Amino acid sequence: MTIGERIRAAREARRPRCSQEKLADELSVARWGKTGFLDRQQVYRWEKGLRVPRVWLPL
């Protein structure tokens with residue numbers, strides 16, 4: 001299972017289901033204390049395997 005598949009599976013396993021936008025906001029808050037540093041497109045790229053979230057893996 002790739003990292004993108006694992007991110008998507010974890011996101012979809014949440015109840016209620018977590019959107020890519022909500023995940024981006026939650027990661028921004030976890031890292032910088034406010035939203036807006038990540039967007040839905042970045043999460044999409046991770047899930048599709050176009051990018052690897054090296055900085056975000058610990059979170």
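**Exercise 1. Place G4 in the fold and find what lies against it in space.**

G4 lies in helix 1; helices here are DSSP runs of H or I with at least four residues, numbered from the N terminus. This is a predicted model, in which local features need pLDDT of at least 70 and side-chain atom pairs count only at pLDDT 80 or more, while totals for chains, interfaces and linings use all residues. Residues are numbered from 1 along each chain as its sequence is written, and side-chain values use heavy atoms, with hydrogens and water left out.

Step 1: G4 has a relative accessibility of 3%, so it counts as buried (buried is under 20% relative accessible area, exposed over 50%, partly exposed in between, with a 1.4 Å probe and protein chains only).

Step 2: Leaving out residues up to four places away in sequence, G4 touches W46 and E47; contact means heavy atoms within 4.5 Å.

Step 3: From C-alpha to C-alpha, G4 and E47 are 3.8 Å apart, although 43 residues separate them in sequence.

**Exercise 2. Describe how helix 1 meets helix 3.**

Step 1: Helix 1 (residues 3–13) and helix 3 (residues 40–48) have axes that come within 6 Å and cross at roughly 120°. The axes are lines fitted to C-alpha atoms over the stretch in contact, with angles from 0 to 180 degrees between N-to-C directions.

Step 2: The two helices are therefore oblique to each other (under 35 degrees is roughly parallel, over 145 roughly antiparallel, 65 to 115 roughly perpendicular, and the rest oblique).

Step 3: On the helix 1 side, G4, E5, I7, R8 and R11 meet W46, E47 and K48 of helix 3.

Step 4: V43, W46 and E47 are buried in helix 3. They cover an arc of only 95° around the axis, which puts them on the same side of helix 3; the arc is taken from the directions from the helix axis to the C-beta atoms.

**Exercise 3. Trace the salt bridges around E12, then find one that reaches helix 2.**

Step 1: R8 and E12 pair in a salt bridge at 3.0 Å, N to O (a side-chain nitrogen of Lys or Arg within 4 Å of a carboxyl oxygen of Asp or Glu).

Step 2: R17 also forms a salt bridge with E12, with the closest N and O atoms 3.7 Å apart.

Step 3: R8, R11, E12, R17 and E47 are linked in a salt-bridge network.

Step 4: E26 and R14 meet in a salt bridge at 2.7 Å, N to O. E26 lies in helix 2 and R14 in the loop between helix 1 and helix 2, so this pair ties together parts twelve residues apart in sequence.
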